[in-house]
Amino acid sequence: MSELWDRLILAPSVATADGDGYGLIENGAIGIHNGLISFVGAQSALPGQPQLLAREVEELADGLLTPALIDAHTHLVFAGRRADEFERRLAGESYAQIAASGGGIRASVAATRQASAEELLRISLPRARALAADGVATLEIKSGYGLDLETETKQLRCARQIGKITGQRVCTTFLGAHAVPAEFKGRPDDYLEMLRTQVLPTLAEQGLVDAIDAYCEHLAFSTEQLRPLFQAAVNLGIPVKLHADQLSDCGGAALAAEFSGLSADHIEYTGASGIEAMANAGTVAMILPGAYVVLGETTRPPIAALRKAGVDMAVATDLNPGSSPLLSVRAAMHLACAVFGMTPTESFLGTTKNAARALGLQEQTGSLCVGMSADLAWWALDHPVELSYWLGGPPAKAVWCRGIRLKLS
């Protein structure tokens, strides 16, 4: 060693997520220097006495150390409340009926447009902090509750500010093509053209867009309508994601793959051709059980077919005010296993290694390897299977992002 590490963490058990399984190391050690992992392995493999290797040595008396979790699909920044829609659905109304009556996405758009930047930050920040307590150091936050330049900008800036305040790594996704706003009623193509020629270039110039997303569904936009917007994004160097095939197979997964998309999300109705396209493109399947459960859906995503085709699967909360009021990635992991038939190992990789791929961050985070960001979570658990086994339970004991311990309360 040429210089001391900043910190050395010793743990009874470490799960690295490096490979196709948990990557378990008993009596493990993680060395950290300049926010990056400088050593990972068994304590017996350390190149010297711990006290001589690092400026600070922290020995965890118990528990499990894993990569910090990643929530790679959220709509966390919004104003207003839509709990009444949950009650209405239980009484028999469908998602489409509620949307047609002025609820759904448009209700959140109205409330988010009215909220000041300060108010939007105040009400959104606790959601990010709840995810941090659940072990999340990296999260994606989408816009899409503005549907105009002013409010979309307000949402994305709020997301950036959340990352600065909490210390979490926040990826921002522009979801202007979430719905057609009232002022463009009956003119969806005009709205998309406005997004393509005015809103997207402006937000990209301001450095607020890490990726672009859209809602491809009969309630929103078709593949043909979205293709020019995605081409414009690719021309600007912005990667593509897509809400795809959630309520019907409308070719969304194949569209995402056509543009080498980072992920196709939901995909309950994706058929064989869409799966093949995703496999060929390396597009991650984003599994979102929260919306499936809350909306009372009955068609499950094709987990077995995705597995057979070798499509990597990620798991996320889809945290939003209408269809997935889910504030726990661990709960999403449990539901992905119990409801969709994913294995605990798949759900673990789906919130670490594969979630990083779904954000284009696989070279930075998602697994514990030398050179990767020191994003860690410490749990009062004996084995990583317990992350998807327990439905609820105590929060993470500690979370680090870039080697810095986050404040969890």
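Visitor: Is His 266 buried or exposed?

Guide: This is a predicted model, in which local features need pLDDT of at least 70, side-chain atom pairs count only at pLDDT 80 or more, and totals for chains, interfaces and linings use all residues. Residues are numbered from 1 along each chain as its sequence is written, and side-chain values use heavy atoms, without hydrogens and water. With a relative accessibility of 2% (buried is under 20%, exposed over 50%, partly exposed in between; 1.4 Å probe, protein chains only), His 266 counts as buried.

Visitor: And what is the phi of His 266?

Guide: Look for His 266 in strand 11 (strands are DSSP E runs of at least two residues, helices H or I runs of at least four, numbered from the N terminus). His 266 is a residue other than glycine, yet its phi is positive, near 85 degrees.

Visitor: Where does Ser 260 lie?

Guide: Ser 260 also has a positive phi, about 50 degrees, although it is not a glycine. Its relative accessible area is 54%, so Ser 260 is exposed. You will find Ser 260 in the loop between helix 9 (252–258) and strand 11 (263–266).

Visitor: Which residues does Asp 71 contact beyond four places in sequence?

Guide: Asp 71 belongs to strand 6, residues 69–71. At 0% relative accessibility, Asp 71 counts as buried. Beyond four places in sequence, the residues in contact with Asp 71 (heavy atoms within 4.5 Å) are Leu 131, Val 136, Thr 138, Leu 139, Glu 140, Ala 316, Thr 317 and Val 329.

Visitor: How far apart in space are Asp 71 and Gly 296?

Guide: In sequence, 225 residues separate Asp 71 from Gly 296. From C-alpha to C-alpha, their distance in space is 22 Å.

Visitor: Which histidines are in contact with His 75?

Guide: His 75 sits in the loop between strand 6 and helix 2 (83–90). Its relative accessible area is 2%, so His 75 is buried. Leaving aside neighbours within four places in sequence, its contacts include Lys 142, Ser 143, Tyr 145, Asp 318 and Asn 320, and among them are also His 178 and His 243.

Visitor: How are helix 6 and helix 7 oriented to each other?

Guide: The axes of helix 6 (149–166) and helix 7 (188–205), fitted to C-alpha atoms over the stretch in contact, come within 10 Å and cross at roughly 30 degrees. On the helix 6 side Leu 149, Glu 152, Thr 153 and Leu 156 take part, and they meet Val 199, Thr 202 and Leu 203 of helix 7. Angles run from 0 to 180 degrees between N-to-C directions, and those under 35 degrees count as roughly parallel, over 145 as roughly antiparallel, 65 to 115 as roughly perpendicular and the rest as oblique. Helix 6 and helix 7 are therefore roughly parallel.

Visitor: Which residues of helix 8 make the contact with helix 7?

Guide: Helix 7 packs against helix 8 (223–235) at about 0 degrees, with the axes 10 Å apart. That makes these two helices roughly parallel. Helix 7 brings Pro 188, Asp 189, Leu 192, Leu 195, Arg 196 and Leu 200, while helix 8 brings Gln 225, Leu 226, Pro 228, Leu 229, Ala 232 and Ala 233.

Visitor: Which element gives the largest share of the largest nonpolar core?

Guide: A nonpolar core is a set of buried Ala, Val, Leu, Ile, Met, Phe, Trp, Tyr and Cys residues joined through side-chain atoms within 4.5 Å. The largest one has 62 residues, and Ile 212, Leu 226, Leu 242, Ile 267 and Ile 287 have the most contacts inside it. Its largest share, 7 residues, comes from helix 7.
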